[in-house]
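Biologist: I'd like a close look at one part of this protein, the middle domain. Could you walk me through how its sheets are put together and how it meets its neighbours?

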Amino acid sequence: MNQDTQSSQSAIVIIGSGLAGFTVIREIRKLDKAIPITLVTREPGYFYSKPMLSTAFANKKEVEQLISTPLEGMATQLDITIMAQTEVNSIDSEKQIVSTSKGDLPFAKLVMAVGADQIQLPIQGNAATEVLTVNDLEDYAKFRQAIAGKKKIVILGAGLIGCEFANDLVLGSYEVDVIDLAPQALGRLLPTEAAQALQSKLGEAGVRWHFGTTVQSIERDDDGLQVTLANGVTISTHVVLSAVGLRPRLDLAKAAGLTTNLGIAVNRQLETSAKNIYAIGDCAEVEGLILPYVMPIMQAARALAPTLLGQTTALSYPAMPVMVKTPALATVVSPPAKGAVGEWKVTSKDEGLEARFESADGKLLGFALLGSATAQRGALTKELPAILQ
Ligand SMILES: Cc1cc2nc3c(=O)[nH]c(=O)nc-3n(C[C@H](O)[C@H](O)[C@H](O)COP(=O)(O)OP(=O)(O)OC[C@H]3O[C@@H](n4cnc5c(N)ncnc54)[C@H](O)[C@@H]3O)c2cc1C
């Protein structure tokens, strides 16, 4: 066996240059400076912080300024080979080969960090295909181009991403209408009183809400886009941004015969149903949990790196509150686990609101903190049970 074949066969291959892919590599390099690593990605191979996409106006950033390190910098810093703008077409789990648009790659260990796609709502009308979504920097560049010189934007979805974009776009002097089928913003994360406080502050900042309804059709005419809602209201706008949720990318895993549920199913070692193939980040489902946030990725990468290097390590998740980046009203949430039994207890004081989700015996199972109450974040997080022990 020649040197080249030997090194490629002992190599780690990572698919995906999002936070999950790069964080795993950073963690591996803390433990092993020499093991060959190849990163394959359909993106340009730079590093950018995805959470900054929904705060670019507040931070006065243009698209290019969101790239923190270009491809060359990442390749040198991490001492890796980056195959950018390269599509992974299939994975042969038996032969341990990844087939890409630029050729085949053998692997000793493979990490799927392939992320998720934005869900598309079924919408009628001649402009239904003009609905934009943002889940990476290239999407965001297209979105910024579409809104340049325009005034009005409709956002579908009042979840975390929808609320953050709504706040950011009003800060960028856009008129924003937000539509959601739920009766309130952040329906899965906030009790009603907390949602009302957030809606009210965002409303004062200029956001117009349309709850309990959905989009039926979008037609383009001489004035722009006409968005007709199920409740009969028509909104005249220039751009429609959809932020109704994510769906893990499963195609590659399914075609390779790996077990999938809502995400690519992995065990506590982040290993899929195929030996030597692992999954992490927005695409992965760990013991039934899909947590598409930064902190779970950091935790998972710290466990996965030693496992890939031969020291099997189980993942655990502590409580990991998420900051909702709405400067109109600072918000931190740590939702109770699915199926948790208890009730919300809400207290408002000064400029803040504290919502505690407690069990019958008074144990804290989740919280939402708004405004000045966000100062309680550290203390309350210590009281919460771990998500995965
Ligand atoms: C606007 C926005 C704001 C956010 N804000 C926050 C926040 O404040 N706090 C927080 O905790 N979380 C936040 N999140 C969520 C967080 O950013 C994500 O959980 C995280 O970035 C996901 O990283 P990932 O690497 O798993 O996926 P991705 O970033 O989606 O990366 C997937 C990678 O896989 C590549 N890929 C996929 N398929 C293939 C293929 N077949 N061939 C080659 N390459 C492929 C893609 O090109 C991409 O490089 C936010 C998300 C968004 C969209």
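Modeller: Here is a tour of domain 2, with a short stop outside it at the end. Keep in mind that this is a predicted model.

Let's get our bearings. The chain is split into domain 1 (3-116 + 247-308), domain 2 (120-242) and domain 3 (330-383). Notice that domain 1 is written as two stretches, 3-116 and 247-308, while domain 2 is 120-242.

Now find the sheet of four strands. Its order is β13-β12-β11-β17, the pairing is parallel, and the sheet is open. The strands at the edges are β13 (207-211) and β17 (239-242), and each of them pairs on one side only. Going from one strand to the next, you'll see a twist that averages 20 degrees.

Zoom in on β11 (residues 152-156) and β17. These two run parallel and are joined by four bridges. If you want a spot to look at, pick V154, which stands opposite V240 in β17.

Next, add the helices that pack on this sheet. Helix α4 (residues 137-147) touches β11 and β17, and its direction makes about 155 degrees with that of β17. Helix α5 (residues 160-171) packs on the sheet too, touching β11, β12 (175-180), β13 and β17. The direction of α5 makes about 170 degrees with that of β11.

There's another sheet to trace, this one with three strands. It is also open, but here the order is β14-β15-β16 and the pairing is antiparallel. At its edges stand β14 (215-221) and β16 (234-237), each with a single partner strand, so one side of each has no neighbour in the sheet. Neighbouring strands are turned against each other by 20 degrees on average, if you ignore direction. Take β14 and β15 (residues 224-229): they pair in the antiparallel sense over six bridges. Within that pair, I218 stands opposite V227 in β15.

So much for the inside; how does domain 2 meet domain 3? Their C-alpha centres lie 28 Å apart. Nine residues from domain 2 and ten residues from domain 3 take part in the contact. The area buried between domain 2 and domain 3 is about 730 Å², and carbon and sulfur atoms give 80% of that. On the domain 2 side, look for L189, P191 and E193: they lose the most area to domain 3, together 55% of what that side buries. What about charged partners across this contact? The count between domain 2 and domain 3 is zero salt bridges. Polar contacts come out at zero residue pairs as well, with both residues required to be at pLDDT 80 or more.

That doesn't mean salt bridges are missing from the model, where the count comes to 13. One to look up is R249 with D117, whose closest N and O atoms are 2.8 Å apart. R249 sits in the loop between β18 (246-248) and α7 (251-255), while D117 is in strand β10 (residues 116-118), so the pair ties together parts that are 132 residues apart in sequence.

One last stop is L291, in the loop between β21 (284-286) and α8 (294-308). Setting aside neighbours within four places in sequence, L291 is in contact with P296, Y317, M320 and I387. From L291 to M320 is 29 residues in sequence and 10.0 Å in space, C-alpha to C-alpha.

How values were computed:
Residues numbered from 1 in each chain as written. Predicted model: local features only at pLDDT ≥ 70, side-chain atom pairs only at ≥ 80, totals over all residues. Heavy atoms only, no water. Pairing = 2+ DSSP bridges. Axes fitted to C-alpha atoms, helices over the stretch in contact; angles between N-to-C directions. Contact = heavy atoms within 4.5 Å. Domains from an automatic or database assignment. Buried area = accessible area lost by both parts, 1.4 Å probe. Salt bridge = Lys/Arg side-chain N within 4 Å of Asp/Glu carboxyl O. Polar contact = N/O pair within 3.5 Å; in protein donor to acceptor, adjacent residues only side chain to side chain.
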